[in-house]
Amino acid sequence: MKMNSTQVFYFTLSAYIDTGSVKYFSFLIILCLYVLIVGSNVLLIVVICVNRSLHEPMYMFLCSLFVNELYGSTSLFPFLLVQILSDVHIISAPLCFLQIFSVYTYGSVEFTNLAVMSYDRYVAICHPLQYNSMMTSVKIVFLVSITWLPPVLIVGGTIVLSSSLQLCGNVINKIYCGNHSIIKLACEEPRVNNIYELFMVFLTVCVPGSVILYTYMRILKVCFSGSKQTRQKAVSTHTCTPHLASVINFSFGVSFEILQSRFDMNNVPSMLRIFLYLYFITFQPVFNPVLYGLNMSKIRSLCKKLFQKFSSRRFF
């Protein structure tokens, strides 16, 4: 359908499939998943905030990570719940661009936060004696600020460019809005948008990825040249293992998101396509609270105490 930018008031999301009465089961699954994400992340945020023993750099960065999981899941899950029960899968243009902004800032903040956490692990393992002097309160505030502010500004630039495009269509072959899907609808070759997208990927994926790669190369160097105790500390569940698992999991999600937005996915089975669409923003918010909550002894023990305290009050 040919149209210009002044006529695009809504977009049609064509990746949804008719599941009949199964949609109510799908709605229940997504709702339970969202409740689990909100409950687990809020619990860990509260545990970190109210316990002074966890007011350390590593846990402050974890708190920032859990806040981002809430932000990312809330930007998509309520919308998915509405769309699952709806017979017409449309989204208004302003809400579509807001969704793109929310999902993309979530991904950018996630990668930047993981890079900051890898730097924290690098300082703790490679410079243990200088850790307290290097990771001061001012440094923590600065690192949390660069985790959030640059992604917001960079993605904001993307939204400004995409919203100014003249569009010759309004059908998006996804279950939620994506920036590259909007660019594909442009009437003319959006060269500036494509260049800016590459610039955005470089700053929000390549730069944090390089930081993570560099810090772990230095950590591995210390491990191979250090004592057995140093090696055990580096690979223990209290330091690098949960972080590495989180990085790998999110890297898979980002790879799926980039591949499905750049290539024709029509030959891929519908259910697999939907799974790949959701992996990017669904698995990480579920994965991280379980990973850190169960594996980090301080958080695990404080969560147990909180549950025991709550249970005893209810009993009496």
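## The nonpolar core

In this predicted model, the largest nonpolar core contains 77 residues. Within this core, the residues with the most contacts are Phe-11, Leu-62 and Ile-175. Helix α4 makes the greatest contribution to the core, supplying 17 residues.

Leu-62 illustrates how parts of the chain that are separated in sequence are brought together. When residues up to four places away in sequence are set aside, Leu-62 touches Ile-48, Met-117, Tyr-292, Met-296 and Ile-299. Another core lies apart from the largest one and has six residues, including Ile-30, Tyr-34, Ile-37 and Ile-84.

## The strands

Phe-11, one of the residues with the most contacts inside the largest core, belongs to strand β1, which spans residues 10-13. The covered face of β1 carries Phe-11 and Leu-13, whereas Tyr-10 and Thr-12 are on the uncovered face.

Strand β1 pairs with two other strands, β2 and β3. With β2 (residues 90-92), β1 runs antiparallel, and three bridges join the two; here the bridge partner of Phe-11 is Ile-91. With β3 (residues 171-172), the pairing is parallel and involves two bridges; in this case Leu-13 stands opposite Ile-172. Both residues of the covered face, Phe-11 and Leu-13, thus have a named partner, Ile-91 in β2 and Ile-172 in β3.

## The cavities

A probe the size of a water molecule, rolled over the atoms, reveals where empty space remains. A search of the whole structure finds two cavities of 30 Å³ or more. The largest cavity has a volume of about 290 Å³.

Which residues lie nearest the centre of the largest cavity? They are Tyr-104, Met-200, Val-205, Glu-257 and Ile-258, out of 17 residues that line the cavity. Helices α4 (93-126), α8 (191-225) and α10 (240-262) each provide at least two residues of this lining. Helix α4 is also the element that gives the most to the largest nonpolar core. By class, the lining comprises ten nonpolar, four polar and three charged residues.

## The chain as a whole

The protein chain has twelve helices and three strands. Of its 316 residues, 47% are buried.

The contacts may also be considered by separation along the sequence. Among contacts in the protein chain with a separation of 6 or more, 80% are between residues 24 or more positions apart.

Key:
Residues numbered from 1 in each chain as written. Predicted model: local features only at pLDDT ≥ 70, side-chain atom pairs only at ≥ 80, totals over all residues. Heavy atoms only, no water. Buried < 20%, exposed > 50% of the residue type's maximum accessible area, 1.4 Å probe, protein only. Helix = DSSP H or I, 4+ residues; strand = E, 2+ residues; numbered from the N terminus. Pairing = 2+ DSSP bridges. 1 Å grid on protein atoms, 1.4 Å probe; cavity = no way out; pocket = protein on both sides within 12 Å on 5 of 7 lines; lining within 4 Å. Points joined across faces, edges and corners; volume = space filled by probe spheres on them. Nonpolar A, V, L, I, M, F, W, Y, C, P; charged D, E, K, R; others polar. Core = buried A, V, L, I, M, F, W, Y, C linked by side-chain atoms within 4.5 Å. Contact = heavy atoms within 4.5 Å.
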